[in-house]
Amino acid sequence: MCGIVGYMGKKEAFNILIDALKRLEYRGYDSAGIALWHDRAIEILRRKGKVDDLRVAASGKQLKGTMGLAHTRWATHGIPSERNAHPHKAGEVVVVHNGIIENYMEIKEKLKKRGHRFTSDTDTEVIPHLINSYIEEGMDFVDAVRLTITELEGSYALGIMRQHERTLIAAKKESPLIVGVIDGEAVFASDAPAIIDLTNRFIFLEDNDIVVFKDGGFNVIDIKGNKLERHPQVVNWTGAMAQKGGYKHFMLKEIFEQPRAVADTLMGRVKEEKAQIEFDDLKLPDLKDIRKIWMIACGTSYHACLIGKYIFESTLRIPVETDIASEFRYREPIFDKRDMIILISQSGETADTIAAMKEGKNHGIYTLSICNVLGSTLARESDGVIFTHAGPEIGVASTKAFTTQISVLFMLMAHMGRLLGVMDKDTVRGLIYELKRIPHKMQSILDQASLIEEMARRFMTYKNFLYIGRGINYPSIMEGALKLKEISYIHAEAYAAGEMKHGPIALIDESFPVVALSPHDRTYQKTCSNIEEVLARRGKLLLFTDMPEHDMANRTDSVFIMPTTIYELQPLLSAIPLQLLAYYIANLLGTDVDQPRNLAKSVTVE
Ligand code: AGP
């Protein structure tokens with residue numbers, strides 16, 4: 001979604017802001033803009049399209065200034081266009097915004113009656129109008145911002161400048177914003193990768209924080225103007241981690257990083273000798289009376305929840321209820337104080353997942369988040385957090401975040417198994433043994449990536465795909481199908497293999513490829529029968545299995561053999577060939593793999 005960056009210092013701001021905007025591109029956007037302050041004048045440049053279009057538009061212009069704001073916009077109110085792009089200016093006030101102002105129509109009507117003229121269709125534009133009107137009434141800049149904020153309903157991360165003074169203001173509620181701590185300079189952005197080259201010390205702002213940058217320093221205040229203490233945290237990500245490192249796309253790099261990402265996520269936590277899993281600083285509630293676990297998330301992280309259900313129920317025999325975060329709170333879920341809610345999110349900033357956490361907390365339920373981003377809202381506000389150590393995930397299509405989430409769920413299951421007394425040491429040691437071998441097995445799949453690329457070449461022209469699997473393979477194929485549709489724009493539908501004959505089998509003919517995930521597990525025979533049903537209707541089969549002598553292997557030219565592992569860990573291995581298949585098809589079709597159309601990396605609005 002929208003990306004924000006602000007800078008104030010001694011250096012020329014243009015390149016700093018544009019470089020940071022480039023680093024925010026992965027969040028998804030359709031237009032970009034920049035505002036530079038120089039000698040009590042503000043120059044604004046906005047363009048529909050990419051940050052590079054903005055850079056080209058700026059060449060030849062004398063854009064100067066050591067203070068500025070920049071923005072990438074993902075359209076919510078008003079089509080992608082230059083007039084709707086940020087920054088927005090009213091009088092002497094300039095604003096960039098991420099989030100949605102829910103009561104903007106009301107404010108706009110009120111301001112229109114007072115003679116204000118609007119030049120965009122956005123919700124954002126009411127903000128500079130309001131601030132400017134208070135300044136015109138004689139209010140000081142900071143007070144005008146504070147008063148404006150009290151009138152806004154909805155979510156915002158804001159960057160604000162005023163023409164007649166060298167002060168920069170940032171503010172946040174329910175949309176992410178971080179301050180980079182550098183001596184004598186001020187920098188803030190929507191997330192760490194945007195400014196990681198400038199500093200690795202960040203303050204993760206909390207809701208209702210306002211930051212006033214002035215004279216080479218800054219203060220954090222609340223809405224009433226009281227000073228707040230906020231301490232920086234050091235993030236161990238580097239600029240190089242947020243670069244492509246020789247790969248054509250971030251997504252491909254991130255697929256290939258999975259053995260390392262999973263190994264890093266296990267590091268320091270799995271103790272094979274002691275047959276123990278240890279999570280630093282994790283205080284779980286008393287598990288003895290636990291009634292049910294809820295697992296809630298969106299998109300790929302939701303698929304990790306579905307896999308979590310199989311992992312937990314088949315081993316711990318505790319009921320797990322999964323929910324899509326955007327549905328969860330609207331169906332009035334029936335809670336019990338003995339429940340526990342697990343929320344999964346790469347970014348930790350997904351609006352619906354945060355709302356689900358709040359719903360649980362309001363009912364007095366313990367909330368545990370599984371997150372990849374230190375300091376993110378979900379990580380901060382849930383009762384407990386386990387971090388995945390995937391490193392920055394830049395490609396919009398989630399890959400290494402997914403497999404590290406599953407790794408954490410598996411570790412948590414083993415940890416809880418010991419705490420609950422339902423697993424003895426030998427069982428846990430056996431689980432750890434299998435888990436520790438996963439990175440190596442992942443690597444052996446990646447070493448055969450060219451076979452998948454060849455398969456992709458054969459299937460790239462088909463318009464529809466059906467993905468089938470049973471048991472724990474069902475959520476795995478849901479994730480495989482999501483990968484294909486989001487980056488290649490090919491229609492892909494995932495179905496529980498046994499459910500196929502209740503409807504979708506009607507689609508099958510020679511123009512309809514079927515991706516079947518069929519390892520040699522408890523679902524094997526049944527899935528073979530379902531594959532027979534596909535072949536009987538001349539469907540084209542792409543078979544992914546861990547069994548070279550699979551009964552269906554000689555019925556198709558498109559077979560990929562994976563290493564074997566235990567049932568609960570299969571999704572960690574099967575994810576990779578399905579990610580690669582989607583990637584190679586999209587790459588051959590020439591789509592924008594890292595920033596697919598209409599998608600945003602971090603979905604910070606509901
Ligand atoms: C998947 O490839 C997508 N990027 C998307 O479904 C994503 O998983 C979803 O938006 C949830 O994001 P989160 O993990 O940051 O909460």
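This text walks through one helix pair and several salt bridges of a predicted model.

The packing of two helices offers a starting point. Two packed helices are described by the angle between their axes and the distance between the axes. For helix α15, which spans residues 438-446, and helix α19, which spans residues 570-589, the axes come within 9 Å and cross at roughly 25°. Since angles under 35 degrees count as roughly parallel, α15 and α19 are therefore roughly parallel to each other. The sense in which α15 passes α19 is that of a right-handed crossing. On the side of α15, the contact is made by Ile-438, Lys-441, Met-442, Ile-445 and Leu-446, and on the side of α19 by Leu-572, Leu-573, Ile-576, Pro-577 and Leu-580. Sorted by character, the residues of this contact comprise nine that are nonpolar and one that is charged, with no polar residue among them.

From helix packing we turn to charged side chains. The count of salt bridges in the model comes to 41, and a few of them can be followed residue by residue. One is formed by Lys-22 with Glu-25, where the closest N and O atoms are 3.2 Å apart. Here Lys-22 counts as partly exposed because its relative accessibility is 29%, whereas Glu-25, with a relative accessible area of 8%, is buried.

Another salt bridge brings together the side chains of Glu-151 and Lys-110, at 3.4 Å from N to O. Glu-151 lies in helix α5 (residues 141-151) and Lys-110 in helix α3 (residues 104-113), so this pair ties together parts that are 41 residues apart in sequence. Glu-151 has a relative accessible area of 21% and is therefore partly exposed, given that buried means under 20%. Lys-110 is also partly exposed, with a relative accessible area of 39%.

A salt bridge within a single helix is found in α17, which runs over residues 473-488 and holds both Lys-483 and Glu-479. These two residues are four apart, about one turn of the helix, and the closest N and O atoms of their salt bridge are 2.5 Å apart. Lys-483 and Glu-479 are both buried. Beyond such pairs, salt bridges that share partners join Glu-92, Arg-162, Glu-165 and Lys-214 into one network.

Key: Residues numbered from 1 in each chain as written. Predicted model: local features only at pLDDT ≥ 70, side-chain atom pairs only at ≥ 80, totals over all residues. Heavy atoms only, no water. Axes fitted to C-alpha atoms, helices over the stretch in contact; angles between N-to-C directions. Parallel < 35°, antiparallel > 145°, perpendicular 65-115°, else oblique. Left-handed = near helix turned anticlockwise from the far one by under 90°. Contact = heavy atoms within 4.5 Å. Nonpolar A, V, L, I, M, F, W, Y, C, P; charged D, E, K, R; others polar. Salt bridge = Lys/Arg side-chain N within 4 Å of Asp/Glu carboxyl O. Buried < 20%, exposed > 50% of the residue type's maximum accessible area, 1.4 Å probe, protein only.
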